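Here is a short round of questions on one protein model. Take a look at it first.

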Amino acid sequence: TTRTRTYEYRLTAEEPGELVIPPVKVVVDGKQLGTRAVRIEVLPSDAIDRLLVEITSESPRAYVGQQIRLTLSIWIEPVLFDGQPINAAGMYSCLQRGDVRPFSPPEVDSGILKYRTAPDGTRRSYYVFSSTIGYVAERPGILNFPDIRLEASYPTRLLRDVFRELRVASARTLRASATGPGIEILPLPNEGRPANFSGAVGQFTLTASARPLQARVGDPIELTIEIRGDGALDTLPAPLLASEPELSRNFRVPRETLTGETVGGVRRFKQMIRAINPEIREIPAISYPYFDPIAGEY
């Protein structure tokens, strides 16, 4: 009777050259046994030429709190079958595990055929799948996404089954990490910062309305403030109403932070205020300081 116990290990070579796996020694029934050394020729990886993950931006620099548009692009070189590249959907199905947050996984319909020149000067074709988001950096420094990684089961041999459908007979695993965008995120300047600045970065317009327009002293009046602009509306900070001197002098204004809602490209805040004397005829203008990243000033 012969019994065999097999142990399997997966090794990943990190550099090209000759990889030597030294003898493995084990003790069986009191005897020391050993394997022979295994020599493997490790070729330079061509994964970078077949699968690439890039992040690009509209600008090389931005400010903390500024919303910027980032695009994640996954480049995968099409496999040839009978001399013809397989379609974008077929290559998309090769993409496997990967964490692309904060991006959403690209849709298969986003795939388009593009060309790029490799370091050796050859022109290669790729299907490119893209996803674009509005991103707000929360701290200064160089913006990169080192945690974005992707794997692909890249076909090495294709065949057609009895139904003439194209099937993968064998494949290899490719791995790629995101490169770029390397955007410089600048801190907001202290010079010229208004005292009631709440952190809004972008370009905005502000409107205010109230109801009812006739009320007695102490009656609740609903003040609605609507903000429009090109900044990150969903995370836009609320106006600091309690810091408005004239408003606080004539109305009772709660000091809690307002919660807002975003509807149709408008950020809306509501607050109940109450007049404190019968001589009041209007609600004063509401100020909302913001930092304009294009002009570089408040």
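**Strands and side chains**

In this predicted model, N144 stands opposite P181 in β16.

Q: Which strand does β16 join through four bridges, and do the two run parallel or antiparallel?
A: Strand β16 covers residues 181-186. Four bridges join this strand to β13. The partner is β13, and the pair runs antiparallel.

Q: Which are the edge strands of the open sheet that holds β16?
A: The sheet has three strands in the order β6-β16-β13, with mixed pairing. An edge strand pairs on one side only. The edge strands are β6 (61-63) and β13 (141-144).

Q: By how many degrees are neighbouring strands of this sheet turned against each other on average?
A: Direction is ignored for this angle. The average turn between neighbouring strands is 35°.

Q: Which side chains make polar contacts with the side chain of E54?
A: E54 lies in strand β5 (residues 51-57). Beyond its neighbours within four places in sequence, E54 is in contact with T71, L72, S73, W75, R116 and T179. A polar contact of 3.0 Å links the E54 side chain to that of R116. Another, of 3.3 Å, links the E54 side chain to that of W75.

Q: Why does L113 count as partly exposed?
A: L113 is placed in strand β11 (residues 112-117). Partly exposed lies between the cut-offs of 20% and 50%. L113 counts as partly exposed because its relative accessibility is 45%.

Q: How far apart in space are L113 and Y126?
A: L113 touches S125, Y126 and Y127, leaving out residues up to four places away in sequence. L113 and Y126 are 13 residues apart in sequence. Their C-alpha to C-alpha distance is 5.7 Å.

Notes: Residues are numbered from 1 along each chain as its sequence is written. This is a predicted model: local features need pLDDT of at least 70, side-chain atom pairs count only at pLDDT 80 or more; totals for chains, interfaces and linings use all residues. Side-chain values use heavy atoms; hydrogens and water are left out. A polar contact is a pair of N or O atoms within 3.5 Å; within protein, one must be able to donate a hydrogen and the other to accept it, and residues adjacent in sequence count only if both atoms are side-chain atoms. Contact means heavy atoms within 4.5 Å. Two strands pair if DSSP finds at least two bridges between them. Axes are lines fitted to C-alpha atoms, for helices over the stretch in contact, and angles run from 0 to 180 degrees between N-to-C directions. Buried means under 20% relative accessible area, exposed over 50%, partly exposed in between (1.4 Å probe, protein chains only).
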